[in-house]
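Visitor: Hi, have you got a few minutes to walk me through this one? I'd like to go through the sheets and then a few residues.
Guide: Happy to, let's bring it up.

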Amino acid sequence: MASTFSLSWVVLLSLLILSLSVYPAFSTSRRALSYPAQLKNGFRITLKHVDSDKNLTKFQRIQHGIKRANHRLERLNAMVLAASSNAEINSPVLSGNGEFLMNLAIGTPPETYSAIMDTGSDLIWTQCKPCTQCFDQPSPIFDPKKSSSFSKLSCSSQLCKALPQSSCSDSCEYLYTYGDYSSTQGTMATETFTFGKVSIPNVGFGCGEDNEGDGFTQGSGLVGLGRGPLSLVSQLKEAKFSYCLTSIDDTKTSTLLMGSLASVNGTSAAIRTTPLIQNPLQPSFYYLSLEGISVGGTRLPIKESTFQLQDDGTGGLIIDSGTTITYLEESAFDLVKKEFTSQMGLPVDNSGATGLELCYNLPSDTSELEVPKLVLHFTGADLELPGENYMIADSSMGVICLAMGSSGGMSIFGNVQQQNMFVSHDLEKETLSFLPTNCGQL
């Protein structure tokens, strides 16, 4: 049945609709490293959305993100299917790309650049001179000859052995191929990376001399934050990292926190904590156990096995900062779609013009609107999402849409649904925690 919501939901949504004229918003080897003392206290990294400098409405930013997300979903599903089939792959298909850029510096003396933050992959890499082929990037290409701390990795190093594909000449050579035919190829090395005021020596990374495709042109490389040995998290041996993402249309920056700064306030009753699950066939991903979904107080009749991780490594749900919207297994999404349509009481927009799978026509005289409450039931954590984290409207198009989609394979908890939440990964306790937060004031 349809659910009646408190006036605060209505007021929030109506105020946002009235206030916006264009769109309404809803509310080296693994040697022992001697890291500097500052690292013990953790560090903070500023993040900005890849479309933050473009003159786009919130709706347009989500549309741009969906185009990237659809490609990313295809790549992620291809990775999982390839691993489950035990097929020998000449060029492993990796996730790549992302939605947020982080500022850092590399080398001695340090050269600043921006890189894509990706919680769905591991390798850290940037473009390097001499480039046989490099894409246009916003900052000068890194020149290892000008850095006194640059050192190539040997083929016997643990990080070289951890690569999905490598070869050996006078040093370790890598190749990463992405599902949209983008790729990076070059030499594995170690360097000093600087995050804010904290400089960290001997970080293993890929020095890309042949980088093809248009999947990374927003930045100058990528920083993987996955669970595998090549990632920044693993190399720093940090048990905790967190991020807090502002709304996709917010002018304020988002934040990534490492180490002790990443701890979530354990005294808050608003914290929701759920276990992290490991998939041996996809060890980089952060899997969560989603048990069910409620729309407007109605628990949907989703089969218990729908979101479960299968023995062959398929299925399951990952949390991913690099995917814009949430994608649900197709049968579950159909139930969500049916229940929303029943409770919204608005005509469905079938034009297909928005790029989203479920949209409704807004009445021309709309000044306030109730939307069904959406709750994701994770193991040990019922996460109620704010309206602006799953409903998006555009008055110029006269539509309101559900910012979610369907997937023929794995499910993904995307970044729009995570906005204005402190998302804390604790790899020692194997848990992930959510805390509603005004991320622009963090």
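Guide: Let's begin with an open sheet of three strands, in the order β20-β24-β23 with antiparallel pairing. Keep in mind that this is a predicted model.

Visitor: Which strands sit at the edges of that sheet?
Guide: β20 (359-361) and β23 (391-394) do, and each of these pairs on one side only. On average, neighbouring strands in this sheet are turned by 20° against each other, direction ignored.

Visitor: How many bridges join β23 to β24?
Guide: Four bridges, and the two strands run antiparallel, with β24 covering residues 399-402. As one point in the register, D394 stands opposite V399 in β24.

Visitor: V399, okay. Which residues does D349 contact, leaving aside its neighbours within four places in sequence?
Guide: V399 is one of them, together with C359, Y360 and N361. D349 itself is in the loop between α5 and β20.

Visitor: Is D349 buried or exposed?
Guide: It counts as buried, because its relative accessibility is 17% and the cut-off for buried is under 20%. The D349 side chain also makes a polar contact of 2.9 Å with the side chain of S351.

Visitor: What separates the C-alpha atoms of D349 and C401?
Guide: 9.0 Å in space, while the two residues are 52 residues apart along the chain.

Visitor: Let's move to the other sheet. What order do the strands take in the four-stranded one?
Guide: The order is β17-β16-β21-β22, an open sheet with antiparallel pairing. Its edge strands are β17 (298-299) and β22 (381-385), each pairing on one side only.

Visitor: And in the middle, how many bridges pair β16 with β21?
Guide: Five, in the antiparallel sense, between residues 290-295 of β16 and 374-378 of β21. For a concrete pair, I293 has L376 in β21 as its bridge partner.

Visitor: Which strands does helix α5 lie across?
Guide: Across β16, β17 and β21. The helix spans residues 330-344 and runs at about 15° to β16.

Visitor: Switching topic: which residues does UniProt list for "active site"?
Guide: The UniProt entry, which is unreviewed, lists D118 and D320. They are spread over 203 residues of sequence, yet they cluster in space, with a largest C-alpha distance of 8.0 Å.

Visitor: Where does D118 lie?
Guide: In strand β4, residues 111-118. D118 is buried, with a relative accessible area of 0%. Its side chain makes a polar contact of 2.6 Å with the side chain of S121.

Visitor: And where is D320 found?
Guide: In the loop between β18 (317-319) and β19 (326-329). D320 counts as buried too, at 1% relative accessibility. A polar contact of 2.5 Å joins its side chain to that of T323.

Visitor: Which residues does D320 touch, not counting those up to four places away in sequence?
Guide: D118 is among them, followed along the chain by T119 and G120. R72 and L76 are also touched, as are I412, F413, G414, N415 and Q418.

Visitor: Now the aromatics. How many aromatic pairs does the structure hold?
Guide: There are 12. One of them is W125 with F135, an edge-to-face pair at 6.4 Å centre to centre and 80° between the planes. W125 lies in strand β5 (residues 125-127) and F135 in the loop between β5 and β6 (151-152), so this pair ties together parts that are 10 residues apart in sequence.

Visitor: Are W125 and F135 buried or exposed?
Guide: Both are buried.

Visitor: Which rings are linked into a cluster?
Guide: Ring pairs link F43, F142, F150, F193, F195 and F205.

Visitor: One last residue. What does S147 touch, not counting residues up to four places away in sequence?
Guide: F142, which belongs to that ring cluster, is touched by S147, along with G107, T108 and E191. S147 is in the loop between β5 and β6, and it counts as buried at 10% relative accessibility. The side chains of S147 and S149 are joined by a polar contact of 3.2 Å.

Terms used. Residues numbered from 1 in each chain as written. Predicted model: local features only at pLDDT ≥ 70, side-chain atom pairs only at ≥ 80, totals over all residues. Heavy atoms only, no water. Pairing = 2+ DSSP bridges. Axes fitted to C-alpha atoms, helices over the stretch in contact; angles between N-to-C directions. Contact = heavy atoms within 4.5 Å. UniProt positions renumbered as here; feature names shortened; annotations may be inferred. Buried < 20%, exposed > 50% of the residue type's maximum accessible area, 1.4 Å probe, protein only. Polar contact = N/O pair within 3.5 Å; in protein donor to acceptor, adjacent residues only side chain to side chain. Phe/Tyr/Trp six-rings, centres within 6.5 Å; stacked < 30°, edge-to-face > 60°.
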